[in-house]
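Reader: I have a protein model open and would like to go through it with you. Could we start with pockets and then turn to cysteines?

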Amino acid sequence: MGTIVSLNGVLTAPEDARISVFDRGFLYGDSVYEVIRTYEGVPFELDAHLARLESSAHRIGMRLPVPLATFAAEVAQTHAASGNPDSYVRIVSTRGSGTLGLDPRLAEDPVRMVIAMPLNPPGPEAYRDGVAIALVSVRRNLRDAIDPAAKTGNYLNSVMALAEAKTRGAYEAVMLDHRDYVTEGASSNVFCVMGETILTPPLDVGILEGITRSVVFKVCRQAGLRVLELPLTAQALEAADEVFITSSIREIVPVVKVDDSKVGAGVPGPVYARIRQLFDAYVAEYSAARK
Ligand code: PMP
């Protein structure tokens, strides 16, 4: 059990995994990444994560150094070498290093790595009791500044948002856009429930197309639940019957407080419980089919 790094395809102990101080991922956040979780050793929704890695690279005009199949093989190999029953897996691909300067054409020697670490999901109390989110003052990047649809190494927007949320005692930050529409969490997508309908901000608000978000869509629609992508205001979130956030590592976490206002009855609601069941069944089927 432990942490192991595949650096440009070579399995390496974490203390020996070194990259250049001239690497643009380090200097400018000029890199793309993915975070994947395994279930029973199977990387969940790997193809979707790899497709998003490629699309993130495309959005910043970067070419991935190896085919997606090589990343897939390295994910499997790194997880296996970690000895963890299940891993938190991070893929990072940087534009590389070279002569100092912003011009991407200066980049040489792209670096790719896969890190497999012991999985450390939220404790059972987060799912049982729910968590608090803070609507922070930090705004989500404009789509035509750094497009939130690209999962790049430039995460300061989320770092600052989460720092503010933590200062306010919240578990996750939720950012508004410049027009006051709800976007997403620092590292999660946000949903709310009004009556019978499940609502979440549309992609064109400027958010990451979460893999967990897509799985929630799929399982809800298969079960006949109504999910709509609609612009949401902070007031809508505060007035919702239920709120939850989604991400690969945390799956689906119920939210019982938005800033100082209680969500619904202040405990995880029945729609969350239903979606949780559907999600767990989907995960079990996914991993059983690929073991
Ligand atoms: N939004 C942001 C900004 C994120 O960093 C993440 C985590 N990758 C998510 C949403 C959730 O995405 P996923 O379900 O693919 O983990």
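Author: What follows covers the largest pocket and then the cysteines of this predicted model.

Reader: What volume does the largest pocket have?

Author: The volume of the largest pocket is about 440 Å³. It is lined by 26 residues, and those closest to its centre are V35, K151, S187, S247 and R250.

Reader: Where does it lie with respect to domain 1 and domain 2?

Author: The largest pocket lies between them, because domain 1 (4–118) and domain 2 (124–288) both give residues to its lining.

Reader: Which elements each supply at least two residues of that lining?

Author: They are β3 (31–39), β5 (87–94), β9 (182–185), α6 (211–222) and β13 (242–247). The largest share comes from α6, with three residues.

Reader: And by class, how many residues of the lining are nonpolar, polar and charged?

Author: The lining has eight nonpolar residues, 11 polar ones and seven charged ones.

Reader: Changing topic: how many disulfides are there?

Author: The count is zero disulfides, where a disulfide would need a pair of cysteine sulfur atoms within 2.5 Å.

Reader: Why is there no bond for C192?

Author: The closest cysteine sulfur to that of C192 belongs to C220 and is 13 Å away, which is too far for a bond. Seen from C220, the closest cysteine sulfur is in C192, again at 13 Å and too far for a bond.

Reader: Is C192 buried or exposed? And what about C220?

Author: C192 is buried, with a relative accessible area of 0%. C220 also counts as buried, at 0% relative accessibility.

Technical notes:
Residues are numbered from 1 along each chain as its sequence is written. This is a predicted model: local features need pLDDT of at least 70, side-chain atom pairs count only at pLDDT 80 or more; totals for chains, interfaces and linings use all residues. Side-chain values use heavy atoms; hydrogens and water are left out. On a 1 Å grid over the protein atoms alone, a cavity is a set of points where a 1.4 Å probe fits but cannot get out, and a pocket is an open set with protein on both sides within 12 Å along at least five of seven lines; lining residues have an atom within 4 Å of a point. Grid points are joined across faces, edges and corners, and a volume is the space filled by probe spheres set on the points. Helices (H or I, at least four residues) and strands (E, at least two) are DSSP runs, numbered from the N terminus. Ala, Val, Leu, Ile, Met, Phe, Trp, Tyr, Cys and Pro count as nonpolar, Asp, Glu, Lys and Arg as charged, and the others, Gly among them, as polar. Domain bounds come from an automatic or database domain assignment. Buried means under 20% relative accessible area, exposed over 50%, partly exposed in between (1.4 Å probe, protein chains only).
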